[in-house]
Each structure stands twice: as structure tokens, then as C-alpha cells.
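Here is a colleague's note to read beside the model. Please keep the sequence and the 3D view open while you go through the points.

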Amino acid sequence: MMGNVAYLTLKHASTLAAVFVGLYAGLLGLFTTSFFQAHVVYLHKIQMTWFNDLDVPESFGFLRSQTTPFAIKSSAGGPLYAWHILPVELYRQHEAVLLAEPSGFASDITSRFAFKLLCDDPDVRLVIHMHGAAGTVGSGYRVPNYRALSAGQPMKIHVLTFDYRGFGRSPGTPSERGLCLDAILVVEWAMHVAGVPPSRILIFSQSLGTAVNLAVSEHFALQSPPIVFAGGILVASFLDVPTLVATYRVAGTIPIRSPLARFPLLFNYLSTFIKEKWLSKDRIAGYIRANEANKEKYQLTLIHAEDDYDIPSHHTEVVYWHAVNATMPRGITYEEFHEVRQHSRNDLGAAGSVMEWRTKNGLIREELLKTGLHDVIMGNPVITLAVMRILAAADPAFAIQ
Ligand SMILES: *[C@@H]1O[C@H](CO)[C@@H](O)[C@H](O)[C@H]1NC(C)=O
């Protein structure tokens, strides 16, 4: 009897194992198709805002007419769905006019009073927001994130956020090139339609958005003459997609390819199938080398929570090394840099640790927080302070207003 039970259990176990291996192999096979890759990397069909109408930002917790939904048109692709968000103290001072305005989607944003508040103030600051994979401008921790971005100067700091093609109400299909073109279009809208100069623009990004931010920042830094913004913030950045999928866990539990990372040959082989690599480690280096060569002032802040289980914070540590490496003519090995890091890190106890790397032109800052997860971190004061630190350093007069 006992023997039979053991036999049956064993048989079941091996069937189960076979099914599991089969599924896993199937998943890997699927992974080599670009359709599957696009859905895994961008997760754009996961909206998370089905029950709220993006054209009614009030239903996401905004004041009436504080947020203007509108579309940024392009000659190349479809329109991009965007939100312009007023900071709260500026709102208070103009509340009566704003309440008398129509709310909801603006087919001509330039006719809205909120837009005039953005264009007419020569002291305005604009945070352009590049969100991560999945969802829309209204999803999850993005709304508290917008509040944190402008909390340091609620008279001056506006936020512009948008959905890339294929996300939310922006038509199309996501791709590396497409997302970069979309983000460039938004930045150009800010500079040329809203008339905010790059010295008063800060680009904030999280997760997948950090890769877009770096691609766009490098693109503008390589223009002639170069265009460099007041600064950039990267929350939960990653080295590149092949490394990311080897370490990424969907919803923190399902490792897509983690077991594979233990088999480097197989990992390298499968990586050759990944078409859109998002090489942030190279782009951050390209951006920094361009600024150092052009003697352009630049500021980058990298932030990552150590308890982020979607993207391990080790990614940011290595991205940071690539950034620092790019400031040195002969470079620095990871081991050498690790030594430097031990001595120059500022330990903040339960708040984590901070390190700054200064050159004649730039400041690259790395903040590793003990807590904050992947998303929650975006609404925290550390974000408000990171914005203010960059804006105040870019223009000392701004800090004492
Ligand atoms: C570090 O910088 C050096 C000098 O620019 C370069 O040759 C090297 O490839 C860089 N290392 C990495 C890992 O990018």
C-alpha cells in the first residue's frame, strides 16, 4: 500500500514537473517572438484605470480644473494623450478663474487659463514626467508622484505627464524607437509651444521611463548646439532589457527568466532574440561624455529603494558606475569604484545612503533608500527634495523665492 502511494505521488510529481518544464520552455519559446516581448516589456495592455475616465482628472483626486487633459499632435504618429497639472498654491491664488473655466479634455489647450499660467510666468519650472511600464498617466502611485514633484515650490513647479503610444488613450504600438520619438515630441512641445526653456525643465522618470529619459537626454545633448535640461531624476533605473528580464519578477513573484541567469550561455543565446535592448548603461555614458566634452552643466539623480522587488537596486549601482566611469578619461573598473564608494558614501542609517560625484560640469548623485518599494517611493518627500535640489543648484535664486 505504502509503496503504491509513494509510487503514485512520485508519478504525479514527475508529471507536474514535466508540465512545469513544458510551460516554462513554452514561455521561453514565446519570449523569442517580438509580440510577446513587447507585451512583457511595456505591459501597455494592463491599464489599471478602467474604472476612471482619464478625461475627468477630478476622479483621480485632483481639484476641479487643476489638471488639463489634452493631446499633443505630431506630424509623424498619432496624437499623444497628456495631462498638464497645476501646483496647488498657484491653483489657490487663481481658484476663482479656474472654477469658472470648463473642465475636462481641452481640444485647444492654448485657450485654457491653466496654460497661460504655464506660458506667461518667466519663472515657471516644468517637470516632464516619463512613466514606467503598464498603466496610464492616472495609474497607481503616479498621482501622489505628481504632488511630490511640485510640493517644494507649489507656486512654480508645473507637471506635464503623457502616455506613450499604445498606452491608455495614445494610439499605436509601443517600440523603443516609438517611445523615444514620443518623449522627444513632448519635450519639444514644452519648449516650443509652452515656451519653457530647457534650463527650467527637469525630466523625472521611473522604471521603464528612466530608459526613455536617458535616450531623450542623450539625443538633445548631442544636438548642435547641445540642449541640456536643468536636470534629470531616474527612479529605479535598469542597465538594459536583457539584464532586466534576467532579474525582473512580474508582480514581485513570477521570475520570467531568473533561473536562466544561472546558465550564462543559454542566457546569452536567448538575449540575442531580444530586439529592443534599451541600453541605458551606454546612453547614460553617452549623455555624460557629450556634456563633459561640450562643458555643459548637468545634474543627474539616481534613486532606488533596496526593497524594490521588481527591479533590484543593484541595477542602479551599476548604472551609476557607468555614469561615473564616463567622467574619467581612462575610466574606472567596477572593483576600483567599489573601493571609492566605501569611502565616499554618506550613511544615513534607516534612510539609506547617498553618494555624490562632481566634475567641473556635472553632479551625479545616487540615493539608495532602505525602503520605498518600486512605486511607493515616488510619492515620498525624497522625490520633492530631489527636484528642489536640482532646481536650486541650476538657479540659486529659485531656492529663496
Ligand atoms: C569606462 O570608460 C572607459 C574610458 O572612456 C571606456 O574605455 C570603457 O569602455 C568604459 N567602461 C564601460 C564598462 O563602459
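The numbered points below go from the whole chain to the sheet, then to single residues and the ligand.

1. Status and overall make-up. This is a predicted model. The protein chain contains 16 helices and 12 strands. Of its 401 residues, 53% are buried. The accessible surface is about 17800 Å², and carbon and sulfur atoms account for 63% of that area.

2. Contacts along the chain. Take the contacts in the protein chain whose partners have a separation of 6 or more: 71% of them join residues that are 24 or more positions apart.

3. The sheet. An open sheet is built from 10 strands, with mixed pairing. Reading across, the order is E1-E2-E4-E3-E5-E6-E9-E12-E11-E10. The edges are strand E1 (67-72) and strand E10 (346-347); each has a single partner strand, so one side of each has no neighbour in the sheet.

4. The E10 end of the sheet. E10 pairs with strand E11 (residues 353-358) in the antiparallel sense, over two bridges. In this pairing Asn-346 has Val-354 of E11 as its bridge partner. The two strands form a hairpin with five residues between them. Gly-349, in the turn, has a positive phi of about 65°.

5. From E11 to E12. The pairing of E11 with strand E12 (residues 362-369) is also antiparallel, and here there are six bridges. Arg-358 has Leu-363 in E12 as its bridge partner. E11 and E12 form a hairpin too, with three residues between them.

6. Strand E3. Is this strand enclosed or open to the outside? Six of its six residues are buried, so E3 is largely enclosed by the rest of the structure. Arg-125, Val-127 and His-129 point one way from the strand, while Leu-126, Ile-128 and Met-130 point the other way. Note that the buried residues include Arg-125 and His-129. E3 runs parallel to E4, and five bridges join them. Arg-125 stands opposite Ile-157 in E4.

7. A helix across the sheet. Helix H5 (residues 113-120) lies across four strands: E1, strand E2 (80-85), strand E3 (125-130) and strand E4 (157-162). Its direction is at about 75° to E2.

8. Leu-54. This residue is in the loop between helix H2 (34-42) and E1. Is Leu-54 buried or exposed? Its relative accessible area is 4%, so Leu-54 is buried, the cut-off being under 20%. Leaving out residues up to four places away in sequence, Leu-54 touches Phe-60, Pro-69, Tyr-81, Trp-83, Thr-136, Val-137, Gly-138, Asp-163 and Arg-169. Its C-alpha atom is separated by 8.8 Å from that of Gly-104, although the two residues are 50 residues apart along the chain.

9. Asn-291. Helix H12 (residues 280-294) holds this residue. Asn-291 has 0% relative accessibility and therefore counts as buried. Apart from neighbours within four places in sequence, Asn-291 is in contact with Ala-221, Val-228, Glu-296, Tyr-298 and Asn-361. The C-alpha atoms of Asn-291 and Ile-227 are separated by 9.7 Å, with their positions 64 residues apart along the chain taken as the distance apart.

10. Thr-301. Strand E9 (residues 298-305) contains Thr-301. With a relative accessible area of 5%, Thr-301 is buried. Which residues does Thr-301 touch, not counting those up to four places away in sequence? They are Gly-232, Ile-233, Leu-234, Arg-365, Glu-367, Ala-386 and Ile-390.

11. The ligand. Arg-289, Trp-321, His-322, Asn-325, Pro-329, Arg-330 and Gly-331 surround the ligand. Helix H13 (residues 314-325) gives the largest share of this shell, three residues. How far is a polar side-chain atom of Asn-325 from an oxygen atom of the ligand? The distance is 2.4 Å. For a polar side-chain atom of Arg-289, the distance to an oxygen atom of the ligand is 3.2 Å. Taken alone, the ligand exposes 360 Å², and the protein buries 51% of that.

Technical notes: Residues are numbered from 1 along each chain as its sequence is written. This is a predicted model: local features need pLDDT of at least 70, side-chain atom pairs count only at pLDDT 80 or more; totals for chains, interfaces and linings use all residues. Side-chain values use heavy atoms; hydrogens and water are left out. Buried means under 20% relative accessible area, exposed over 50%, partly exposed in between (1.4 Å probe, protein chains only). Contact means heavy atoms within 4.5 Å. Accessible areas come from the Shrake-Rupley method with a 1.4 Å probe; for residues, only the protein chains shown count as cover. Two strands pair if DSSP finds at least two bridges between them. Axes are lines fitted to C-alpha atoms, for helices over the stretch in contact, and angles run from 0 to 180 degrees between N-to-C directions. A residue is near a molecule or strand if one of its heavy atoms lies within 4 Å of it. A polar contact is a pair of N or O atoms within 3.5 Å; within protein, one must be able to donate a hydrogen and the other to accept it, and residues adjacent in sequence count only if both atoms are side-chain atoms.
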